[in-house]
Amino acid sequence: MIYNEKTETQSLQDLKNLQSERLRALAGYVYKNSPVYKKRIDENGFLPDSVKSIYDITKLPFTEKDDLRDFYPFGLFSKEVKDIAEFHVSSGTTGNPVVSGYSKEDIDLWAEVSARSIAAAGGLPGDIIQIAYGYGLFTGGLGLHYGALKMGVAIMPMSSGQTKRQIKLMQDFKPRILACTPSFSLYMAEEAKEMGFDPRQSSWEVGIFGAEPWTEALRGEIENSLGLTATDIYGLSEIIGPGVAQECYLKKGLHIWSDVFYPEIIDPETNMPVPEGENGELVITTLTRTGMPLLRYRTRDIVSLTNEPCSCGRTAPRISKIKGRTDDMIVVRGINVFPTQIEYALLQVEGILPNYQIIVNREAHGLDIIEVLVEIDEKAFSDQMKALEALRNKIKKSIENTILVGVNVKLVGPKTIARSEGKAKRVIDNRKL
Ligand code: DLL
């Protein structure tokens, strides 16, 4: 089902016209209401009156995460605090937190894009959704909550954690939709087995998984162990939280709701646009937000984008799964390595549980070493040394063939790597960089 048929299937020309109109209004709005943007735009010299079409966007200034920190907490808002409805804070940041202020209109917008996302994933009015993303300053819980409410999906506002209770209430309420981080979904599958319940028999048919990077290989694992269709949802608190982009049931890229979040893909070194289909940093302009609209926000997330029509009928362009972050990349011996590459390589090897951790150490003589801890199941763990050694070598080869850097692999017993109820911590970088 397409939630907002008229908007989601409009022609590309209509979409461009709408984006142009909205960009003109946005440039004028921030110039008038945000002293920070007024100063930037003045310095930049391309004034709002000169914005004619969406293609003029490249003449406007970028916004960086550090800007949000520098103007902490409310300096980038375009509304007075009395007109803000809700605050959210980005997870896992160091130093000043990154705050976003949502006006009442922004919350309505959030409900709209989140409803579009639930529908794109396969949700229908009348379904039940189990929301197992955290509620609170983190946007995961409330974002999907507003969307479900808007589209008429009954909500189990579980929040994250309480794994056993999640399973018990799933068995009793029989929700069709599960929304949580991909790592937490696997944790729930494990816990269900422990409770004597086969997770493949769960009532969940549709998964809305995001907030952390996950590979196609992990999708396969999740779909197998939970017996559902696993779709990817993307978002970030600065823009709106979950609901910036979402895969439709075809699972061929995430539709980015570009009538409201205009995407550009740039080369992070040169800041120039990359050709369609090539990897680059995703930059988003919030075309209609009013509380804290952002011009050309540098997400640091690496994706590619296609405008090719999708057979689902939606015309919103599609971004690839998030391939990494410009700042999550581990540079080891001059080679760029993304945690998702290691996950992909690991899951090529049969009999491996998708629980792993990457540890980076700098040895006394300055050489960087990547160690990958990989969990294996009870059966493999009790194997003969020789079999274990063969498995370890297989994993090592698979990773090295993918990332082209030597690694140490350590097999660890079942349940030794900490489970996550929210975003999984995959990398521990012990180097003092
Ligand atoms: O993680 C919002 C969210 C909640 C998205 C629930 C999806 C579901 P932040 O805490 O601000 O917001 O973190 C944003 O998380 O820049 C990405 O690096 C990463 N991220 C979010 N979704 C995905 C995804 C929420 N589907 C940061 N795949 C973003 C990979 C993701 N990374």
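These legends walk through several views of one predicted model.

**View 1. The whole chain, with its 12 helices and 21 strands.** Start with the full picture before zooming in. The radius of gyration is 22 Å, close to the 22 Å that the globule rule gives for 433 residues, so the chain is as compact as a globular protein of that length. Measured out along the principal axes, the C-alpha atoms fill a box of roughly 75 × 60 × 40 Å. Buried residues account for 55% of the 433 residues. Of the contacts between residues at least 6 apart in sequence, 67% join residues at least 24 apart. The chain exposes about 18600 Å², and carbon and sulfur atoms supply 53% of that area.

**View 2. An open sheet of nine strands with mixed pairing.** Follow the strands across in the order β4-β3-β5-β6-β7-β8-β9-β14-β13. At the edges stand β4 (154–156) and β13 (305–306); each has a single partner strand, so one side of each is left without a neighbour in the sheet. Now look at β6 (residues 206–210) and β7 (residues 229–236), which run parallel and are joined by five bridges. Here Phe209 stands opposite Asp232 in β7. As a reminder, strands of a sheet pair through backbone hydrogen bonds, either parallel or antiparallel.

**View 3. An open sheet of four strands with antiparallel pairing.** The order to trace is β10-β11-β12-β15. Its edge strands, β10 (261–266) and β15 (324–325), each pair on one side only. Strand β12 (residues 297–303) meets β15 in the antiparallel sense over two bridges. To find your place, look for Ile302, which stands opposite Gly324 in β15.

**View 4. Strand β18 and its partners β19 and β21.** Is strand β18 mostly covered or mostly open? Eight of the 11 residues in β18 (residues 352–362) are buried, which makes this strand mostly covered. With strand β19 (residues 368–376), β18 pairs in the antiparallel sense over eight bridges. One pair to look for is Tyr356 with its bridge partner Val374 in β19. The two strands β18 and β19 form a hairpin with five residues between them, and Gly366 in the turn has a positive phi of about 90°. With strand β21 (residues 427–429), β18 runs parallel, and three bridges join the two. There, Ile358 has Val427 in β21 as its bridge partner.

**View 5. Glu64 and the residues around it.** Find Glu64 in the loop between α3 (35–44) and α4 (65–70). Glu64 counts as partly exposed because its relative accessibility is 26%, between the cut-offs of 20% for buried and 50% for exposed. Which residues does Glu64 touch, leaving aside its neighbours within four places in sequence? The contacts are with Tyr297, Arg298 and Arg300. Glu64 and Leu294 are 230 residues apart in sequence, yet their C-alpha atoms are 9.6 Å apart in space.

**View 6. A nonpolar patch on the surface.** Four side chains to look for are Phe74, Val81, Phe87 and Leu137, which make a patch of about 340 Å². Phe87 is found in strand β1 (residues 86–89). With a relative accessibility of 34%, Phe87 counts as partly exposed.

Technical notes. Residues numbered from 1 in each chain as written. Predicted model: local features only at pLDDT ≥ 70, side-chain atom pairs only at ≥ 80, totals over all residues. Heavy atoms only, no water. Patch = residues over 30% accessible without salt bridge, like charges linked within 9 Å, V, L, I, M, F, W, Y side chains within 5 Å. Areas by Shrake-Rupley, 256 points an atom, 1.4 Å probe, with all protein chains shown as cover. Buried < 20%, exposed > 50% of the residue type's maximum accessible area, 1.4 Å probe, protein only. Rg over C-alpha atoms; globule rule 2.2 N^0.38 Å. Contact = heavy atoms within 4.5 Å. Pairing = 2+ DSSP bridges.
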